[in-house]
Amino acid sequence: TTMTSDPGNLNDGVQAGKAIAMTVHANDDSGHWVRGSADNNNLKVVFNGREVGETSSNKGVYKYTLPLVPAGKYKLEITFNGMHIDHSPHEVKVLAGLHQFDRAYCHEDIHLSCDDTVAVHRSGDDCHLNVLGATAFRDGKHVFRLQIDGLFDPENYYLSVGVSTKPLPKGLTCGDASTASTFASDGDAWHRGDKTKSGTGWWKNGDVVSLTMDCEAHTLTLHHERTNITYSINKVEGEELYPFFYLY
């Protein structure tokens with residue numbers, strides 16, 4: 001019996017937030033499907049160090065759905081009777097998917113849309129509210145671009161964006177965010193509770209800013225497109241860094 005796998009196009013990467021489906025085929029020397037070849041735990045699929053159980057099997061075709069994981073690179077091993085098959089192990093590149101907020105790390109006074117892609121500060125009080133993104137950055141370089149809209153009074157109310165580790169207390173201010181590195185709309189840069197002036201300028205409605213998280217260089221960089229000024233925060237470290245949004 002021979003085994004071949006079809007883990008998909010791993011070189012192009014797969015999106016985080018979507019299950020990764022793959023198929024393993026069992027064939028005899030004549031090329032026919034063999035039933036039961038994976039019985040008795042002869043066939044093993046291990047993703048990110050954890051064994052994955054099959055979701056279905058039919059006529060020697062065994063299908064697996066790999067777990068949801070943050071963006072990054074992961075090891076996929078496929079073995080039969082203890083031997084790697086079909087160029088195993090593979091490297092699976094998981095890309096950041098559609099941005100969504102994490103309800104488990106969202107202040108109760110922030111309203112999230114049904115698909116968790118929109119967050120609205122709905123409190124009439126003078127509140128500092130925060131919410132984390134659902135997809136973490138583990139390695140590589142990640143860019144997210146933001147258009148500023150709906151700043152009620154830029155000189156007295158502001159927002160801040162960046163990255164943070166988990167867990168994160170709800171309702172903390174930027175100065176208390178010892179887990180976060182962020183850029184604020186008043187031009188300040190915060191890194192684990194310490195404030196500096198970024199020199200990138202105040203944000204106005206209609207402005208576009210881009211943030212780049214370089215996990216290898218441990219830097220978070222802001223580029224303000226209207227002022228064309230760039231500033232970087234160094235020593236941004238964490239095994240998993242989540243997009244951080246702070247609303248005031």
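Among contacts between residues at least 6 apart in sequence, what percentage join residues at least 24 apart? In this predicted model, the share is 60% for the protein chain. The chain contains 23 strands and zero helices. Of its 248 residues, 45% count as buried. The accessible surface amounts to about 13,100 Å², and carbon and sulfur atoms account for 46% of that area.

The nonpolar interior is described next. The largest nonpolar core comprises 28 residues, and Phe183, Trp203, Leu211 and Met213 are those with the most contacts inside it. At least two residues of this core come from each of strand 11 (101–106), strand 12 (110–112), strand 14 (129–133), strand 15, strand 16 (159–164), strand 20, strand 21 and strand 23 (242–247). A second core, separate from this one, has 16 residues, including Leu76, Ile78, Phe80 and Val92. In soluble globular proteins, nonpolar side chains tend to be buried together.

Four strands form an open sheet in the order 15-20-21-22, and their pairing is antiparallel. Strand 15 (141–147) and strand 22 (229–233) occupy the edges; each has a single partner strand, so one side of each lacks a neighbour in the sheet. From one strand to the next, the twist averages 15°. Within this sheet, strand 20 (residues 208–214) and strand 21 (residues 219–224) run antiparallel and are joined by six bridges. Methionine 213 faces leucine 220 of strand 21 across this pairing; Met213 is also among the residues with the most contacts inside the largest nonpolar core.

Two loops associated with these strands contain non-glycine residues with positive phi. Histidine 218, located in the loop between strand 20 and strand 21, has a phi near 60°, a positive value in a residue other than glycine. With a relative accessible area of 33%, histidine 218 is partly exposed. Asparagine 228 lies in the loop between strand 21 and strand 22 and, although not a glycine, has a positive phi of about 60°. The relative accessibility of asparagine 228 is 58%, so this residue counts as exposed, the threshold being over 50%.

Strand 17 (180–184) belongs to a further set of antiparallel pairings. Five of the five residues of strand 17 are buried, so the strand is largely enclosed by the rest of the structure. Both of its faces are covered: Ala180, Thr182 and Ala184 are buried on one side, as are Ser181 and Phe183 on the other. Phe183 is, in addition, one of the residues with the most contacts inside the largest core. Strand 16 pairs with strand 17 in the antiparallel sense over five bridges, and glycine 162 stands opposite threonine 182 of strand 17. Strand 17 also pairs with strand 18, again in the antiparallel sense, over three bridges. Here the bridge partner of serine 181 is histidine 191 in strand 18.

The hairpin of strand 17 and strand 18 has three residues between the strands, and glycine 187 in this hairpin adopts a positive phi near 95°. Serine 185 is likewise located in the loop between strand 17 and strand 18 (188–191). Is serine 185 buried or exposed? Serine 185 has a relative accessible area of 1% and is therefore buried, the criterion being under 20%. When neighbours within four places in sequence are left aside, serine 185 is in contact with Tyr158, Leu159, Gly201, Trp202 and Trp203. Of these contacts, Trp203 is also listed among the residues with the most contacts inside the largest core.

Beyond strand 18, arginine 192 is situated in the loop leading to strand 19 (194–197). Arginine 192 counts as partly exposed, at 34% relative accessibility. The C-alpha atoms of arginine 192 and serine 181 are 5.9 Å apart in space, although the two residues are separated by 11 residues in sequence. A polar atom of the arginine 192 side chain lies 2.7 Å from the backbone oxygen of glutamate 237.

How values were computed
Residues are numbered from 1 along each chain as its sequence is written. This is a predicted model: local features need pLDDT of at least 70, side-chain atom pairs count only at pLDDT 80 or more; totals for chains, interfaces and linings use all residues. Side-chain values use heavy atoms; hydrogens and water are left out. Two strands pair if DSSP finds at least two bridges between them. Axes are lines fitted to C-alpha atoms, for helices over the stretch in contact, and angles run from 0 to 180 degrees between N-to-C directions. A nonpolar core is a set of buried Ala, Val, Leu, Ile, Met, Phe, Trp, Tyr and Cys residues joined through side-chain atoms within 4.5 Å. Buried means under 20% relative accessible area, exposed over 50%, partly exposed in between (1.4 Å probe, protein chains only). Contact means heavy atoms within 4.5 Å. A polar contact is a pair of N or O atoms within 3.5 Å; within protein, one must be able to donate a hydrogen and the other to accept it, and residues adjacent in sequence count only if both atoms are side-chain atoms. Accessible areas come from the Shrake-Rupley method with a 1.4 Å probe; for residues, only the protein chains shown count as cover.
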